[in-house]
Amino acid sequence: MSSNVPRLVVAAPSSGSGKTTVATGLMAAFSERGLAVSPHKAGPDYIDPGYHALATGRPGRNLDAFMCGPELVAPLFAHGAAGCDLAVVEGVMGLYDGAAGRGELASTAQVAKLLRSPVVLVVDASSQSRSVAALVHGFASFDPQVRLGGVILNKVGSDRHEVMLREALEEAGMPVLGVLRRAPQVAAPSRHLGLVPVAERRADALAAVAALADQVRAGCDLDALLALARTAPALACEPWSPEGALTGTRGSAPNPAPHTPTGLEPPHGQSGDGAAPAGPGVAAGRRPVVAVAGGAAFTFSYAEHAELLTAAGADVVTFDPLRDEALPEGTTGLVIGGGFPEVYAPELSANEPLRKAVAHFAAQGGPVAAECAGLLYLARSLDGAPMCGVLDADARMSERLTLGYREAVAVSDSALAPAGTRLRGHEFHRTVIEPGAGAAPAWGFTHPERRVEGFVRQGVHASYLHTHWAAEPSVARRFARAAAARG
């Protein structure tokens with residue numbers, strides 16, 4: 001089976017060049033033309049896909065070759081882009097930047113090659129003229145397997161500046177597909193972990209996306225960009241599907257797992273390779289209700305997680321810990337993903353009825369999966385504000401940013417995975433929790449450093465590590481079955 005959706009990868013020489021501006025603007029501009037546009041983001045970032053979803057009306061999906069393995073990049077792409085007229089993939093960092101010390105792994109260049117997609121390079125031209133040709137030539141020739149189809153010049157200062165840039169790139173034989181002038185009025189606000197998520201500024205975000213579409217429409221040759229996208233050859237791959245992933249029949253790939261070093265093995269009597277019994281999920285009968293935290297404080301999630309839980313037999317219901325005073329009716333499983341609880345600590349603390357409901361659910365042994373922001377919410381306190389008190393730990397903001405890919409092994413049996421399950425994930429936070437691990441840690445990190453982290457207690461699995469369940473679908477199946485057992 002093949003996928004022949006036209007596609008573009010929007011890349012840049014470095015972060016801060018304007019990838020998000022251009023990618024989101026292109027998505028919105030093509031959507032306004034009546035095209036069904038599939039939005040994608042290379043790497044683990046949760047925030048940009050929120051803007052992509054706003055621009056296209058479709059879920060923003062991540063393509064992460066480190067967490068999911070290169071084998072799943074094309075199948076996940078084909079799943080998200082099915083039935084679309086065009087796909088736009090926003091890159092990560094610079095074109096050739098990937099996982100530290102791993103060569104091209106998880107780079108935009110690798111994703112472009114796996115998707116056989118032409119690349120559009122967004123260049124910040126604010127402090128150069130003829131040198132732009134040397135820069136672009138270097139990026140175009142560094143890896144002959146990466147097809148650089150053209151350049152969009154960003155932050156161009158004047159008509160004269162544009163002429164000089166165009167002349168230089170004409171000499172280099174590189175098409176200029178767009179020229180964008182400096183436009184600070186469409187910039188999205190940022191803070192300690194990047195852009196402010198859409199959920200926190202929806203009205204302003206809608207206006208910003210509309211302005212980006214106007215800017216891109218005025219400055220870019222949309223017809224030429226669409227023609228370039230249509231040169232992408234068909235992808236010979238089976239689209240990923242949550243049902244197929246759970247049964248192992250299609251759209252699944254072995255997770256690239258690390259070796260477990262001495263000192264991080266599962267406790268005696270606990271072992272496992274992550275395997276779970278075959279089958280899509282829970283037994284026939286009443287479907288378990290898995291409540292997933294949402295709203296402005298909990299905005300980080302991968303679309304495939306809810307799809308996998310649904311395919312495993314669960315009913316997924318979203319709730320907002322800032323507003324809802326009770327868990328959804330019939331809740332038998334609880335997922336609290338990433339976000340910014342540190343920004344909303346007073347409001348989360350003020351919602352005492354929900355904090356008590358979460359604590360009671362956990363105390364009764366209900367399965368709880370908490371990642372990063374969820375970990376903080378389950379703590380005793382966050383920056384001095386009372387939280388749920390599920391964990392005997394306290395969290396606070398820190399000056400230090402913790403960022404990077406991790407290789408991990410489950411140290412303790414939990415509602416997510418048996419001890420010994422190996423996953424790759426990502427940490428991204430500017431908070432610390434003390435202690436950093438419980439008596440039964442969640443994960444043992446094997447690379448790039450060795451340490452244990454997180455908490456497993458009764459049905460609770462809480463950790464800073466963000467994971468992508470498409471890499472190990474048995475996580476969703478195991479959690480759905482744990483939730484069904486509570487019904």
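**Close-up views of a predicted model**

**View 1. Thr-20, a partly exposed residue.** With a relative accessible area of 21%, Thr-20 counts as partly exposed, because buried would require a value under 20%. Please keep in mind that everything shown here, in this view and the following ones, belongs to a predicted model. Thr-20 sits in helix H1, which covers residues 19–32. Its side chain makes a polar contact of 2.5 Å with the side chain of Glu-90. Another residue to look for is Tyr-51: this residue lies 31 residues away from Thr-20 along the chain, yet the two C-alpha atoms are separated by 8.8 Å.

**View 2. An open sheet of seven parallel strands.** Follow the strands across this sheet and you will read the order E4-E3-E5-E2-E6-E7-E8, with parallel pairing. Which strands stand at the edges? They are E4 (61–63) and E8 (176–181); each has a single partner strand, so one side of each has no neighbour in the sheet. From one strand to the next, the twist averages 25°. Inside the sheet, E2 (residues 7–11) and E6 (residues 119–124) run parallel and are joined by three bridges. One residue to pick out in this pairing is Ala-11, whose bridge partner in E6 is Leu-121. As background, strands of a sheet pair through backbone hydrogen bonds, in either a parallel or an antiparallel way.

**View 3. Val-156, a buried residue of strand E7.** Strand E7 spans residues 148–156, and Val-156 belongs to this strand. Is Val-156 buried or exposed? Its relative accessibility is 1%, so Val-156 counts as buried, the cut-off being under 20%. Leu-180 completes the view: 24 residues separate Val-156 and Leu-180 in sequence, while their C-alpha atoms are 6.1 Å apart in space.

**View 4. A six-stranded open sheet with mixed pairing.** Here the strand order is E13-E12-E14-E15-E23-E22. The edge positions belong to E13 and to E22 (455–457); each of these has a single partner strand, so one side of each is left without a neighbour in the sheet. Neighbouring strands are turned by 15° against each other on average, with direction ignored. Both senses of pairing can be found in this view. E12 and E13 pair in the parallel sense over five bridges, and Ala-293 stands opposite Phe-319 in E13. E22 and E23, in turn, pair in the antiparallel sense over three bridges, with Val-460 in E23 as the bridge partner of Arg-457.

**View 5. Strand E12, covered on both faces.** How many of the five residues of E12 are buried? Five of the five are, which leaves the strand mostly covered. Val-289, Ala-291 and Ala-293 point one way, Val-290 and Val-292 point the other way, and all are buried. This is a handy place to recall that, in a regular strand, side chains alternate between the two faces of the sheet.

**View 6. The second largest pocket.** This pocket holds about 1,000 Å³ of space. Of its 47 lining residues, the closest to the centre are Phe-298, Thr-299, Phe-300, Ser-301 and Tyr-302. Helix H2 (47–56) gives the most to the lining, with five residues. Other elements that supply at least two residues each include helix H10 (303–311), strand E12 (289–293), strand E14 (331–336) and strand E15 (368–371). Sorted by class, the lining has 30 nonpolar, 15 polar and two charged residues.

**View 7. The largest cavity.** Rolling a probe the size of a water molecule over the atoms shows where empty space is left. A search of the whole structure finds one cavity of 30 Å³ or more, and the volume of the largest cavity is about 50 Å³. Eleven residues line this cavity, and Gly-339, Glu-342, Cys-372, Leu-376 and His-429 are the closest to its centre. Helix H13 (373–378) and strand E19 (422–434) are the elements that give two or more residues to the lining. E19 gives the most, with four residues. By class, the lining has six nonpolar, three polar and two charged residues.

**View 8. Arg-406 and its contact with Glu-427.** Arg-406 is placed in strand E18, residues 394–410. A relative accessible area of 5% makes Arg-406 buried. The side chains of Arg-406 and Glu-427 are joined by a polar contact of 2.7 Å.

Methods
Residues are numbered from 1 along each chain as its sequence is written. This is a predicted model: local features need pLDDT of at least 70, side-chain atom pairs count only at pLDDT 80 or more; totals for chains, interfaces and linings use all residues. Side-chain values use heavy atoms; hydrogens and water are left out. Buried means under 20% relative accessible area, exposed over 50%, partly exposed in between (1.4 Å probe, protein chains only). A polar contact is a pair of N or O atoms within 3.5 Å; within protein, one must be able to donate a hydrogen and the other to accept it, and residues adjacent in sequence count only if both atoms are side-chain atoms. On a 1 Å grid over the protein atoms alone, a cavity is a set of points where a 1.4 Å probe fits but cannot get out, and a pocket is an open set with protein on both sides within 12 Å along at least five of seven lines; lining residues have an atom within 4 Å of a point. Grid points are joined across faces, edges and corners, and a volume is the space filled by probe spheres set on the points. Ala, Val, Leu, Ile, Met, Phe, Trp, Tyr, Cys and Pro count as nonpolar, Asp, Glu, Lys and Arg as charged, and the others, Gly among them, as polar. Two strands pair if DSSP finds at least two bridges between them. Axes are lines fitted to C-alpha atoms, for helices over the stretch in contact, and angles run from 0 to 180 degrees between N-to-C directions.
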